Amino acid sequence: SGQVRGLCGTFNGDQRDEFTTPEGDVEPGVAAFANAFRAAGACPALGPGIPDPCAGFPGSRERAEAACAVLMGPAFQ
């Protein structure tokens, strides 16, 4: 706790600073936060809407739900 930062947030109990960029700015939205970590030219920038991650990979929803179940389980509560 209090020793991490980046795409996983700060884990310090203060949700207001979860979207802190590598430059130390706090972004108000998901897209701007994610774009701050994007490697130039590696992938397209996110727009203002949040894309459905399963839309581009049919059949992946079940695997994603199983993986997320671990994060929602007792180990992370």
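**View 1. L71 and the nonpolar patch.** L71 sits in helix 2 of this predicted model. Together with V70, M72 and F76, L71 makes a nonpolar surface patch of about 470 Å². Helix 2 itself runs over residues 61-71, with a loop between it and helix 1 (30-36).

**View 2. The stacked rings of F19 and F33.** How many aromatic pairs does the ring rule count here? The count comes to two. One of them is F19 with F33, and it is stacked: the ring centres are 4.8 Å apart, and the planes make an angle of 20°. This pair ties together distant parts of the chain, since F19 belongs to the segment before helix 1 and F33 to helix 1, with their positions 14 residues apart. Are the two partners buried or exposed? F19 is partly exposed, at a relative accessible area of 27%. F33 has 5% relative accessibility, so it counts as buried, the cut-off being under 20%.

**View 3. F33 and F37, edge to face.** F33 also pairs with F37, and here the geometry is edge-to-face: 5.3 Å centre to centre, with 70° between the planes. Put the ring pairs together and F19, F33 and F37 are linked into a cluster. F37 is found in the loop between helix 1 and helix 2, whereas F33 has its place in helix 1. With a relative accessible area of 31%, F37 is partly exposed.

**View 4. What surrounds F33.** Zoom in on F33 in helix 1 and look at what it touches. Not counting residues up to four places away in sequence, the list is G6, L7, E18, F19, T20, T21 and E27. F19, the stacked partner of F33, is one of these contacts. For a sense of distance to another part of the chain, take R5: F33 and R5 are 28 residues apart in sequence, and their C-alpha atoms are 12 Å apart in space.

**View 5. What surrounds F37.** Which residues is F37 in contact with, once its neighbours within four places in sequence are left aside? They are G6, L7, T20, T21 and P22. G6, L7, T20 and T21 turn up in the contact list of F33 too. C54 makes a handy far marker: 17 residues along the chain from F37, with 21 Å between the two C-alpha atoms.

**View 6. The salt bridge of R16 and D14.** Side chains of opposite charge can pair when their charged atoms come close. A search of the whole structure finds one salt bridge. R16 forms it with D14, and the closest N and O atoms are 2.9 Å apart. How do the partners compare in exposure, buried, partly exposed or exposed? R16 has a relative accessible area of 71%, so it is exposed, the cut-off being over 50%. D14, with a relative accessible area of 25%, is partly exposed.

**View 7. The backbone at F11.** F11 lies in the segment before helix 1. Its phi is near 50°, which is a positive value in a residue other than glycine. As for cover, F11 counts as exposed because its relative accessibility is 54%, over the 50% cut-off.

**View 8. Stepping back to the chain.** The chain has two helices and zero strands. Its radius of gyration is 15 Å, well over the 11 Å that the globule rule gives for 77 residues, so the chain is more spread out than a compact globule. Along the principal axes, the C-alpha trace spans about 35 × 35 × 20 Å. Buried residues make up 14% of the 77 residues, F33 among them. Of the contacts with a separation of 6 or more, 7% are between residues 24 or more positions apart. The chain exposes about 6,100 Å², and carbon and sulfur atoms supply 61% of that.

Key
Residues are numbered from 1 along each chain as its sequence is written. This is a predicted model: local features need pLDDT of at least 70, side-chain atom pairs count only at pLDDT 80 or more; totals for chains, interfaces and linings use all residues. Side-chain values use heavy atoms; hydrogens and water are left out. Helices (H or I, at least four residues) and strands (E, at least two) are DSSP runs, numbered from the N terminus. Buried means under 20% relative accessible area, exposed over 50%, partly exposed in between (1.4 Å probe, protein chains only). Contact means heavy atoms within 4.5 Å. Patches are made of residues with over 30% relative accessible area and no salt bridge: like charges are joined within 9 Å, nonpolar side chains (Val, Leu, Ile, Met, Phe, Trp, Tyr) within 5 Å. Accessible areas come from the Shrake-Rupley method with a 1.4 Å probe; for residues, only the protein chains shown count as cover. A salt bridge is a side-chain nitrogen of Lys or Arg within 4 Å of a carboxyl oxygen of Asp or Glu. Rings of Phe, Tyr and Trp (its six-membered ring) pair if their centres lie within 6.5 Å; planes under 30 degrees apart count as stacked, over 60 as edge-to-face and the rest as tilted. The radius of gyration is taken over C-alpha atoms; the globule rule is 2.2 Å times the number of residues to the power 0.38.
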